[in-house]
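Here's a quick look at one helix and a couple of loop residues. Have the sequence and the 3D view open as you read.

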Amino acid sequence: MQLKYYKNESLNGNYPESIIENPVSDIFVACENTTENKEKILGFVHVRKSGSPPFENNIPNKHAEIADLIVDKDFRGMGIGKELLESSKNWAAGKNIDYNEMMIVNENINGIDFSLNEGFCEILKP
């Protein structure tokens with residue numbers, strides 16, 4: 001998926017509730033307490049259960065799509081992304097998933113480097 005195929009959308013009020021309430025997807029959030037006794041969001045990951053399309057040439061499978069993994073730029077390099085990724089992997093393990101995949105646009109060089117460092121490999125590239 002590449003950025004040129006996306007358009008800016010305003011939130012319609014259903015996100016992230018629609019993901020949280022969906023039994024085949026979830027969001028995990030990394031937070032820290034601030035000095036004002038509030039929580040600051042440092043990052044989050046959106047993961048969802050998916051499967052192979054019903055084509056004859058596909059071997060049926062169930063996989064987890066890590067659709068979004070975002071860490072605040074001021075908190076990168078602190079292990080937060082790894083913890084969020086681990087949370088999504090644990091979630092997937094509880095859902096009888098065959099494997100995990102990440103969707104990263106080509107322009108996201110940091111995201112690609114992160115995924116490769118975490119053991120993922122590039123499969124599709126335009």
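What follows covers helix H2 and then two asparagines in loops. Keep in mind that this is a predicted model.

Let's start with helix H2, which runs over 80–93. Its 14 residues should span 20 Å at 1.5 Å a residue, and the end C-alpha atoms are indeed 20 Å apart, so the two agree.

Which residues of H2 are buried? They are Ile 80, Gly 81, Leu 84, Leu 85, Ser 88, Trp 91 and Ala 92. These sit on the same side of H2, because they cover an arc of only 135° around the axis. That spacing fits a general rule: an α-helix has 3.6 residues a turn, so residues three or four places apart point the same way. Flip to the other side of H2 and you'll find Lys 82, Glu 83 and Ala 93 exposed.

What do the buried residues of H2 pack against? Their partners are S1, S2, strand S3 (62–71), S4 and helix H3 (109–117).

Now for the asparagines. Asn 37 has a positive phi although it is not a glycine, and Asn 96 likewise has a positive phi in a residue other than glycine. Here's how they line up:

| Residue | Phi | Loop | Relative accessibility |
|---|---|---|---|
| Asn 37 | about 65° | between strand S1 (25–33) and strand S2 (39–51) | 71% |
| Asn 96 | near 60° | between helix H2 (80–93) and strand S4 (99–102) | 55% |

Buried or exposed? Asn 37 counts as exposed because its relative accessibility, 71%, is over 50%. Asn 96, at 55%, is exposed too.

How values were computed. Residues numbered from 1 in each chain as written. Predicted model: local features only at pLDDT ≥ 70, side-chain atom pairs only at ≥ 80, totals over all residues. Heavy atoms only, no water. Helix = DSSP H or I, 4+ residues; strand = E, 2+ residues; numbered from the N terminus. Buried < 20%, exposed > 50% of the residue type's maximum accessible area, 1.4 Å probe, protein only. Expected span 1.5 Å × (residues − 1). Arc of directions from axis to C-beta. Contact = heavy atoms within 4.5 Å.
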